[in-house]
Amino acid sequence: MDRQTRIAIVGAGLGGMTLAGFLQRAGFAVTVYEQAPAFSRIGAGIILSANVMKVLRRLGLEQLIIEHGIKAASYISRAWDTGETMYRIEFDAASEVRFGGPYLNIHRGDLHAVLEKGLVPGSIAFNHRLMALDETSEAIRLVFDNGTRVDADIVVGADGVNSKVREFLLGPDPPRFIGAAAHRAIFPTTALRGLQIPDCTKWWGRDRHLLVYFMTSRRDEVYVIGVAPRRSWEHDGPSVPNSRAELIEDFAGFHADLHRVLEVTTDVSIWPIFDRERCDNWSGGRIVLLGDACHPMRPYMAGGGAMAIEDATILSRCLVQFDEPTEVYRWYEATRVDRVGAVQRISIENSWMRGPTDTDWFYCYDPCVAPLTRPA
Ligand SMILES: Cc1cc2nc3c(=O)[nH]c(=O)nc-3n(C[C@H](O)[C@H](O)[C@H](O)COP(=O)(O)OP(=O)(O)OC[C@H]3O[C@@H](n4cnc5c(N)ncnc54)[C@H](O)[C@@H]3O)c2cc1C
């Protein structure tokens with residue numbers, strides 16, 4: 001595609017920043033429009049598997065990410081009541097060779113800061129909340145809440161689960177509350193008073209689960225995310241504070257090894273979980289979607305962010321390789337839809353690494369070099 005093509009990216013999340021990084025390296029002048037006034041270090045961790053680390057390596061960010069996060073030595077699945085180990089995978093030099101990269105846990109705020117470092121300074125326009133799009137045969141106009149208007153040739157909707165760009169493309173259709181919410185807490189390791197915990201453990205209950213992992217290589221910060229059923233969600237906004245007592249109550253009866261950790265949690269908040277029915281229509285006219293904007297999924301496989309980053313990588317390759325937007329979109333969708341559909345299905349089942357699991361198809365994948373799929 002002509003490098004003068006005006007590409008506007010809405011949303012400076014994981015997908016939007018990855019796409020901007022690749023397009024800037026390919027010679028496009030892109031701006032990312034973000035509603036937030038700045039990035040904040042909100043209380044959450046994220047797991048990045050080898051398929052994502054290969055992308056960050058191509059952006060020159062792998063070393064920085066490794067410095068901020070922790071290369072987990074292992075992942076362990078344990079039964080909620082007996083504590084029995086149901087599955088265990090070691091991450092070592094051999095697995096890094098096999099998968100092509102490490103398995104890394106990191107604070108989301110630190111990940112955002114590193115992704116921002118991969119962009120030309122000033123290429124994120126903060127305080128720009130997209131309100132409307134106006135498409136003509138000549139261009140597409142973006143209208144922001146601060147009064148700014150911008151014309152572009154292509155708009156990429158990387159604006160997450162409540163995507164405004166998606167609404168413009170497909171019509172209003174709010175995401176569905178899945179009947180569960182995630183308790184999240186971050187606390188210093190010193191609170192454990194010497195209790196030793198592995199780098200990453202998932203505790204599996206019948207209708208709920210909980211992950212505990214370190215987020216830094218110094219192992220000085222612990223993240224807990226526990227998902228439990230909730231009949232409804234009445235609050236506005238992405239989260240509300242809640243109490244350690246409520247977290248402990250939701251996981252009553254779980255193994256004592258877990259409760260020793262839950263008893264020292266602080267700053268607990270609770271986040272509703274939303275997803276959507278699978279919909280493989282991700283583009284039209286001058287608009288294309290990526291990540292949660294087109295396929296938000298349950299966070300049970302640690303795959304949603306990974307899919308956004310992979311989407312961005314494949315979309316950037318299609319924008320570089322093909323001339324016509326329709327051709328770009330068809331190759332992009334043909335390459336992505338089956339893989340994203342598989343991750344979405346496994347996330348709904350909540351079966352990933354519960355027991356012996358073939359992880360190669362997910363971790364060995366390299367979106368920077370994987371063949372693009374010819375559209376039907
Ligand atoms: C509890 C929980 C735990 C998770 N854990 C993991 C994990 O361990 N590993 C993993 O891979 N994934 C995980 N995920 C999923 C992951 O967080 C998402 O899939 C991922 O962030 C999607 O990236 P994105 O770029 O599509 O959207 P986002 O990262 O959501 O970014 C969207 C951006 O768009 C901006 N925006 C929204 N509307 C507008 C607008 N109108 N105008 C301008 N800007 C706008 C937002 O402010 C935001 O910055 C988890 C999700 C949840 C809920």
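This report walks through the ligand site and two sheets of a predicted model.

## Ground rules

Because this is a predicted model, local features need pLDDT of at least 70 and side-chain atom pairs count only at pLDDT 80 or more, while totals for chains, interfaces and linings use all residues. Residues are numbered from 1 along each chain as its sequence is written, and side-chain values use heavy atoms, with hydrogens and water left out.

## Around the ligand

Start with the ligand: 31 residues surround it, counting any residue with a heavy atom within 4 Å. The closest are Gly-15, Glu-34, Arg-108, Leu-130 and Asp-292. By type, the shell splits into 14 nonpolar, ten polar and seven charged residues. Here Ala, Val, Leu, Ile, Met, Phe, Trp, Tyr, Cys and Pro count as nonpolar, Asp, Glu, Lys and Arg as charged, and the others, Gly among them, as polar.

Where does the shell come from? Helix 1 (14-25), strand 3, strand 13 (176-188) and helix 9 (304-321) each supply at least two residues. Helix 9 gives the largest share, four residues. Helices (H or I, at least four residues) and strands (E, at least two) are DSSP runs, numbered from the N terminus.

## Polar contacts and burial

Polar contacts here are pairs of N or O atoms within 3.5 Å. The side chain of Arg-108 puts an N or O atom 2.7 Å from a ligand oxygen. Backbone N or O atoms join in too: one from Ala-302 lies 3.2 Å from a ligand oxygen, and one from Gly-304 lies 3.3 Å from a ligand oxygen. On its own the ligand exposes 1000 Å², and the protein buries 86% of that (Shrake-Rupley method, 1.4 Å probe).

## The three-stranded sheet

Strand 3 also belongs to an open, antiparallel sheet of three strands, in the order 3-7-4; strands pair if DSSP finds at least two bridges between them. Its edges are strand 3 (45-48) and strand 4 (70-71), each pairing on one side only. Strand 3 and strand 7 (residues 104-107) run antiparallel and share four bridges, with Ile-46 partnered by Ile-106 in strand 7.

Helix 5 (residues 108-117) packs on this sheet and touches strand 3 and strand 7, contact meaning heavy atoms within 4.5 Å. Its direction makes about 90 degrees with that of strand 7 (axes are lines fitted to C-alpha atoms, for helices over the stretch in contact, and angles run from 0 to 180 degrees between N-to-C directions).

## The eight-stranded sheet

Strand 13 sits in an open sheet of eight strands with mixed pairing, ordered 6-5-14-15-16-13-18-17. Strand 6 (85-90) and strand 17 (240-241) each have a single partner strand, so one side of each has no neighbour in the sheet.

Note on methods
A polar contact is a pair of N or O atoms within 3.5 Å; within protein, one must be able to donate a hydrogen and the other to accept it, and residues adjacent in sequence count only if both atoms are side-chain atoms.
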